[in-house]
Amino acid sequence: MKIKFIDGSVREFQNGMTIEDIANAISISLRKKSIGAKVNDKIVDLDFVLAEDASLELITEESPDAIEILRHSTAHLLAEAVKSIYPEAKFGVGPIIEEGFYYDMDLGDHVLTESELPDIEKMMNKLASQNQKIEREVMSKEEALEFFKSDPYKVELISDLPDSEEISAYTQGLFTDLCRGPHLPSTKWIRHFKLLSLAGAYWRGDSKNKQLTRVYGTAFFTQEELKNHLELLEERKKRDHRKLGKELDLFMLSEYGPGFPFWLPNGMILRRELESFWYRVHLKEGYKLIQTPIMLNKDLWVVSGHWQNYRENMYTSEIDDMEFAIKPMNCPGGMLVYKRDLHSYKDFPLKVGELGLVHRHEASGALNGLFRVRNFTQDDAHIFMTEDQIVEEVASLVRLFDYVYSVFDLSYHIELSTRPLEKYIGEISTWDKAEAALASALQSMNKDYIVNPGDGAFYGPKLDFKLRDSMNRIWQCGTIQLDMNLPERFDLTYVDHLGEKKRPVMLHRALFGSIERFIGILIEHYAGAFPTWLAPVQVKVIPVNLEYHKQASDRLVQILRDANIRVEEDYRDEKLGYKIREAQTKKIPYQIVIGDEEAASDMVTYRRYGEKEQVKISVSEFVEMIQKEVKIA
RNA sequence: GCCGAAAUAGCUCAAUCUGGUAGAGCAACUGACUUGUAAUCAGUAGGUUACGGGUUCAAUUCCUGUUUUCGGCACCA
């Protein structure tokens, strides 16, 4: 057989050799370094037998796929260790995830606690150091069912496998696990790992099923990578917006209103800056702005379909014996505004924006700081147009999103969510057309995207914008949804060029998604050190000596205030170092110290947050610099 | 909502295991010091230990219910 290697070379080998044999034939050191291989781009074990011509790529520690194999095998090692401590343990699934792996297990009556994780780690280390061979075995479905008969979860998994699928199991030491693989050749590779946390998780992700214990962990090939990752986790903890929100006095939560955040003066400045930026950008883009009521009669929600489909998330109340609902979305109100007037095709695309406060009854366990709340402000807009305007409008929205996210140095990727398999309304041909329109808009701009089959809303397909922050986490923020449902339900019309009434097409879109969540993301993204235009306090003025320098400080504060710069003075009876330190811990972008030299001239000495360097410039230059810096859109 | 953990001064934490009505640092307040780039010193005050019920001579501590928070799951902007 002919084996083609990654460098393009082709060599002849005897049929039926394992990959390990072939690696050995090339060089013993290469074999020793190899932990798996890719045959025709499919990842396999080292003992995979090659029977025909194929392309072959050996996977070593340096290969991008290697870490997945390592983590997968570490998950097995975790299970092996748990099994050796709790022989009665039953196992669910143990997959790799973006930054590690987990394993779901059922320990019967035993409740696993965090304090036991080190013991399990110890056992894992012990087992790993035994250098157990990890061996693959192919079974028939009957054999597999027989072998795993004492483990109901594995039996369920096996039973659900299609007959065409090859069933394999991996054995290391005394532990055998049903698994597709591939795995490391032996446990000796597993040295740098950590068990991170544990939590309950429903069997097969279904809340109707039993809850298993899930243990999370991660693994790397080197101690240094592991250390770096643990440091990243620490850094994320330090940046937690709930912690920073408290330290920087941005917002608060009270047990009198779970999920209903309170905005403090500093947080209000952030909000207002963000909102006024949003208004400026949208006015430039030709949006009209409206505001619709918080509460509307139940009948409206019946028309929109929310009463039937979204009832459990809605808060209701009674007014004059009539049932009302607090809006969970802005669209129905927007429909009423549209219907107030007759519309011509000449008005299209009609772009109507609203920063709308919506309330949703979220499950108590879902609440999380500003990331998941029960009332939040959607930066919503509805765009009404004709069908052939879709591509152009979507493209112009993507350009807008692009610009706005770039202001915050947030990168993103796009996911196209298509028609759900079961719960959807309308004609499949319309869906196909809508999906194609969204896709072709992206193609026309050379934007890459991932397709998320079946994940669209029930009324239409959507583009989701997944932002990646400075800590490498992904957040769903922006969304563009093509809706063919509401215009129908609300009987929206426009008059076309022949004077006939037609049904418009509508886009729902949000850029930040939720102002609250977006601020939470920004807090963590910037670690609380906001760019000057967003910073609640932009400049701190600190006199060296209160007696001698207060007047000069007062003068400067007044100048800055007149220039619309958010400035605070620190006239407390404390040492200079103390005030400097506080200005730094509060992450204020600029601190100015006023002493003899500054008082005697029109100069300021400033220090930028996080920098040691002191810069001396004239007051007018300083004002100009700040004004230039905060000029966003 | 589900599984698990937790709640002590404004904040960060101790005392809880082994029951005997709570301590520290920071912040606040008072006074002294009068300062050139990350914490000056001394003093004062601050607590129905989340809330309710139970066990006990005695509960922050043990049991129990509720609320909230945290880690996940499910759900999701």
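Is Glu 415 buried or exposed? With a relative accessibility of 12%, Glu 415 counts as buried, and this residue is taken up again below among the salt bridges. The model described here is a predicted one, and every value in this report was computed from that model.

## Overall architecture

Chain A contains 20 helices and 33 strands, and its C-alpha atoms fill a box of roughly 85 × 75 × 55 Å when the box is taken along the principal axes. Of the 633 residues in chain A, buried residues make up 51%.

The chain is divided into domain 1 (2-60), domain 2 (66-238), domain 3 (268-288 + 328-525) and domain 4 (539-630), where domain 3 is written as two separate stretches of the sequence. Between the C-alpha centres of domain 3 and domain 4 there is a distance of 43 Å.

## The surface near RNA strand B

There are 53 residues around RNA strand B, and those that come nearest are Tyr 202, Gln 211, Arg 372, Asp 573 and Asp 596. On the side of the RNA, sugar and phosphate account for 51% of the atoms of strand B that come within 4 Å of the protein. When the residues of this surface are sorted by their character, they divide into 16 nonpolar, 19 polar and 18 charged.

Several elements supply at least two residues each to the surface near RNA strand B, including strand E12 (192-202), strand E13 (211-220) and helix H8 (241-247), as well as helix H18 (576-585), strand E31 (590-594), helix H19 (596-599) and strand E32 (603-608). The largest share of this surface comes from H18, which provides seven residues.

## Polar contacts with the RNA

Three contacts illustrate how atoms of the protein and of the RNA are placed with respect to each other. In one of them, a polar atom in the side chain of Arg 242 lies 2.7 Å from a phosphate oxygen of RNA strand B. In another, an N or O atom in the side chain of Arg 517 is 3.2 Å from a sugar or linking oxygen of RNA strand B. A base of the RNA is also involved, since a polar backbone atom of Gly 365 is 3.1 Å from a base nitrogen of RNA strand B.

## Salt bridges

The count for the structure comes to 44 salt bridges. One of them joins Lys 586 and Asp 249, whose closest N and O atoms are 3.7 Å apart. Lys 586 lies in the loop between H18 and E31, while Asp 249 lies in the loop between H8 and strand E14 (251-252), so this pair ties together parts that are 337 residues apart in sequence. Both partners are partly exposed, Lys 586 with a relative accessible area of 35% and Asp 249 with one of 38%.

The side chains of Glu 415 and Lys 466 also meet in a salt bridge, at 3.9 Å from N to O. This pair links distant parts of the chain, for Glu 415 is in strand E22 (residues 411-417) and Lys 466 is in strand E24 (residues 462-468), 51 residues apart. Glu 415 is buried at 12% relative accessibility, and Lys 466 is buried with a relative accessible area of 18%.

A further salt bridge is formed by Arg 572 and Asp 570, with the closest N and O atoms 3.0 Å apart. Here Arg 572 counts as partly exposed at 36% relative accessibility, whereas Asp 570 is buried with a relative accessible area of 2%. Elsewhere, Asp 45, Arg 136 and Glu 166 are linked in a network of salt bridges.

## Cysteines without a disulfide

A disulfide is a covalent bond between the sulfur atoms of two cysteines. A search of the whole structure finds zero disulfides. Cys 331 is in no disulfide, and the nearest cysteine sulfur, that of Cys 477, is 19 Å away. The sulfur of Cys 477 has that of Cys 331 as its closest cysteine sulfur, and because the two are 19 Å apart, they are too far for a bond. Cys 331 counts as buried at 4% relative accessibility, and Cys 477 counts as buried at 3%.

## A buried histidine in a loop

His 343 lies in the loop between helix H12 (331-340) and strand E20 (350-359). Although placed in a loop, His 343 is buried, with a relative accessible area of 9%. A polar atom of the side chain of His 343 lies 2.7 Å from the backbone oxygen of Tyr 338.

Notes. Residues are numbered from 1 along each chain as its sequence is written. Chains are lettered from A and ligands numbered from 1 in the order in which they are written. This is a predicted model: local features need pLDDT of at least 70, side-chain atom pairs count only at pLDDT 80 or more; totals for chains, interfaces and linings use all residues. Side-chain values use heavy atoms; hydrogens and water are left out. A residue is near a molecule or strand if one of its heavy atoms lies within 4 Å of it. A polar contact is a pair of N or O atoms within 3.5 Å; within protein, one must be able to donate a hydrogen and the other to accept it, and residues adjacent in sequence count only if both atoms are side-chain atoms. Helices (H or I, at least four residues) and strands (E, at least two) are DSSP runs, numbered from the N terminus. Ala, Val, Leu, Ile, Met, Phe, Trp, Tyr, Cys and Pro count as nonpolar, Asp, Glu, Lys and Arg as charged, and the others, Gly among them, as polar. A disulfide is a pair of cysteine sulfur atoms within 2.5 Å. Buried means under 20% relative accessible area, exposed over 50%, partly exposed in between (1.4 Å probe, protein chains only). A salt bridge is a side-chain nitrogen of Lys or Arg within 4 Å of a carboxyl oxygen of Asp or Glu. Domain bounds come from an automatic or database domain assignment.
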